[in-house]
Number of protein chains: 2
Amino acid sequence: MRIEELDTPALVVDLDKLEANIAKLQSYLSSHGIANRPHIKTHKIPEIAHMQIRAGAIGITCQKLGEAEVMADAGIRDIFIPYNLLGEHKLTRLARLMQRATVSVTADSEVTARGLSEAAQMANRQLTVLVEFDAGAHRCGVQSPQEAAALAKCIAGLPGLAFGGLMCYPNTPQLDPFVRETRALLEAGGLGVARVSGGGTACMWQAHTHRELTEHRAGMYIYGDRATVQAGAMRLEECSFTVIATVVSRPTADRGILDCGSKTLSSDLLGLQGHGLILEYPEAVIYGLSEEHGHVDFSACLKKPAIGERVTVLPNHCCPVSNLFDRVVGVRNGNVELTWRVAARGAVQ
Amino acid sequence: MRIEELDTPALVVDLDKLEANIAKLQSYLSSHGIANRPHIKTHKIPEIAHMQIRAGAIGITCQKLGEAEVMADAGIRDIFIPYNLLGEHKLTRLARLMQRATVSVTADSEVTARGLSEAAQMANRQLTVLVEFDAGAHRCGVQSPQEAAALAKCIAGLPGLAFGGLMCYPNTPQLDPFVRETRALLEAGGLGVARVSGGGTACMWQAHTHRELTEHRAGMYIYGDRATVQAGAMRLEECSFTVIATVVSRPTADRGILDCGSKTLSSDLLGLQGHGLILEYPEAVIYGLSEEHGHVDFSACLKKPAIGERVTVLPNHCCPVSNLFDRVVGVRNGNVELTWRVAARGAVQ
């Protein structure tokens, strides 16, 4: 089957580009002695996780327990969940997950650490816990090396837990000084900082500039999107991930309506103008989305599309788009080669 | 099981409120002689569609063929798809759908109408087609009564098609004059305007003010959300649809992080400030979302939550949220009574 025969909207991955993206980041990180631990929240597809591991990744990163369970079911054996896991449900599931995979997690509070200790004791296994620190993104994470060191000591003292190192997202210039100061504070007590885990696709090619980084977590690098191109981390032609859509209405000379709205492209703007780039009409602006309609201004385009014409849209942000589809179609040279189930989609908790 | 025992993030529907919302709109529309044709894109759950029909709805509205197929599978027999269906795949599926349900659709161009005629001939059944007109929202729709009349005549002349009337979204003051002018243009040719289908939840209680309206399509009225409350169409306490989340981090005195991000609440702002209302902390502001984290400023709250505390979030826009979950939990007086599968979620095409 040809790509032109797919019903729309269709989520399509160019397999040559996907493979090249996987190889390129692996090669870069390997050449700098940084472990590659890709974030599967972008694709949520076990087959792609296995491609990443075969290429040299030391394991994967999941953002939630539900994703980790799907990946463990698919045979992935080294899983990092850089998230504060809390509550009886999640701790019981974590204990179960520890029976079939090597799991490491993070904590940014003693409350989280104490829960993790219970899970480890339930599992009767040792759980590696990294301390999450805030490198400037102001999301989760302890605020100072003093806090980091205190939490590391707490973790090291809790039954079933091993202090594994430090984690942040994304990498910033604060990474190295924060790690060094924390290490200095821990030295007296004999605690080492084995892993320093950073992340981000926009900043991936600068990973080697962070001397303390031992592993990097990137997610979007496999697909790419408008935001990744805008950040200068990927070239437009490297992006492997597009939505094929149909022009379903041309109500006025300048306006066109696509069959992809916010339930296809998501509403993520990431600071960009418009909701995606139409590759065949780069001057067009997707100025609005309703749930199943993309509203496009074609006024800047010399040639304008006809009703029924198919177009290729590069989304602003690949992660939420992939999360909206049950299936992704893999193509090579325009030929449909496979269909992957987005198996960890809907793994909400 | 109690609501407090659900793992988070959980999507919860209060069944008493849901039933009351269904009854209230039905009663209002019935009292004004307006047919109720609820839009199931909001819930995508056959069980709720059946509740709406048992309450008096004449049929349902679906925004895409995939939704209609799921609803037909569940025994719904009168389905309106107010969308330009184009292309061989969709027309073949439409023909198949016509074998098991009474389907009506819309068109805003001759290209769409000609395709629909092919589908009707494939199905060997008559297909009712309404003309979509633009009542001011500037999405799809013909732009003038002259265009509407010309397209209506084209439809009436195409094999297998019957001209069914006019459709717009949402209802605006332009509805009545547009319909009247189109009707006048069609009278000479003996074409009547049987159905005038309007829609919208924000404007639902004004449906009776549009004298030409014969049926109304509302979707969000069953659940409600911040946007619906903001529009004055529902009271906060009528909203049946909330996300239960956990505070997973309290990195600073004022900041809190919830385990619901853009993959739970969606990024839809709908012109509102913040990404949802925390019912227990109404002064708090969900000022940012990453995919699995909600970033909250609790500075305006006298009391601030502890790590591990559970909160109830009213989303900005219920439709994309429901589309992100595979399952919805129905509760009554805080007791879990059932779980519904969001069966038409992922029906992407």
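# Group meeting: a two-chain predicted model

Chain A has ten helices and 17 strands. Before I go on, please keep in mind that this is a predicted model. The radius of gyration of chain A is 22 Å, and the globule rule gives 20 Å for 349 residues; the two values are close, so chain A is as compact as a globular protein of that length. Along the principal axes, the C-alpha atoms of chain A fill a box of roughly 70 × 35 × 35 Å. As for burial, 56% of the 349 residues of chain A count as buried. If we take the contacts in chain A between residues at least 6 apart in sequence, 66% of them join residues at least 24 apart.

Next, the sheet. Chain A has an open sheet of eight strands, paired in parallel, and the order across it is E2-E9-E8-E7-E6-E5-E4-E3. Which strands are at the edges? They are strand E2, residues 35-36, and strand E3, residues 60-61, of chain A, and each of them pairs on one side only.

Further in, strand E6 of chain A, residues 127-132, runs parallel to strand E7 of chain A, residues 161-167, and six bridges join the two. Glu132(A) stands opposite Met167(A), which is in E7(A). Helix H5 of chain A, residues 110-123, packs on this sheet. In chain A, helix H5 touches strand E5, residues 102-107, as well as E6 and E7. The direction of H5 makes about 170 degrees with that of E6(A).

I will stay with helix H5 but move to chain B, where one of its residues is a useful example. Ala119(B) lies in helix H5 of chain B, residues 110-123. Is Ala119(B) buried or exposed? There are 25 other C-beta atoms within 10 Å, and the cut-off for burial is 20 or more, so Ala119(B) is buried. Apart from neighbours within four places in sequence, Ala119(B) is in contact with Leu91(B), Leu94(B), Ala95(B) and Leu127(B). For a reference distance, Ala119(B) and Glu67(B) are 52 residues apart in sequence, and their C-alpha atoms are 18 Å apart in space.

Now the relation between the chains. Two copies of a chain are related by a rotation about an axis and a shift along it. Here, a turn of 180 degrees with a shift of 0.0 Å along the axis lays chain A on chain B, with an RMSD of 0.0 Å. The two copies are therefore related as by a two-fold rotation axis. Which C-alpha of chain A is nearest the axis? That of Ser267(A), at 2.7 Å from the axis. Both copies use the same surface, in that 100% of the contact residues of chain A recur in chain B.

On to the contact. Chain A gives 47 residues to it and chain B gives 47 residues. On the side of chain A that touches chain B, the elements giving two or more residues are helix H4 (88-97), H5, strand E10 (241-249), helix H9 (262-265) and helix H10 (318-322) of chain A. The largest share, three residues, comes from E10(A). By type, the residues on that side of chain A divide into 13 nonpolar, 22 polar and twelve charged.

Last, some backbone details. Most residues other than glycine have a negative phi, and most peptide bonds are trans. There are exceptions to look at in both chains, starting with two cis peptide bonds. In chain A, the bond from Tyr169(A) to Pro170(A) is cis, with omega near -15 degrees. Pro170(A) lies in the loop between E7 and helix H7, residues 175-187, of chain A. In chain B, the bond from Thr8(B) to Pro9(B) is cis, with omega near -5 degrees. Pro9(B) lies in the segment before strand E1, residues 10-14, of chain B.

Then phi. Ser266(B) is not a glycine, yet its phi is positive, about 65 degrees. Ser266(B) lies in the loop between helix H9 (262-265) and strand E12 (277-278) of chain B. With 28 other C-beta atoms within 10 Å, Ser266(B) is buried. Asn333(B) is not a glycine either, and its phi is positive at about 50 degrees. Asn333(B) sits in the loop between strand E16 (327-332) and strand E17 (335-341) of chain B. Asn333(B) has 10 C-beta neighbours inside 10 Å and the limit for exposed is 12 or fewer, so Asn333(B) counts as exposed.

Technical notes:
Residues numbered from 1 in each chain as written. Chains lettered and ligands numbered in written order. Predicted model: local features only at pLDDT ≥ 70, side-chain atom pairs only at ≥ 80, totals over all residues. Pairing = 2+ DSSP bridges. Helix = DSSP H or I, 4+ residues; strand = E, 2+ residues; numbered from the N terminus. Contact = placed C-beta atoms within 7 Å. Axes fitted to C-alpha atoms, helices over the stretch in contact; angles between N-to-C directions. Least-squares fit on C-alpha atoms with pLDDT ≥ 70 in both. Nonpolar A, V, L, I, M, F, W, Y, C, P; charged D, E, K, R; others polar. Rg over C-alpha atoms; globule rule 2.2 N^0.38 Å.
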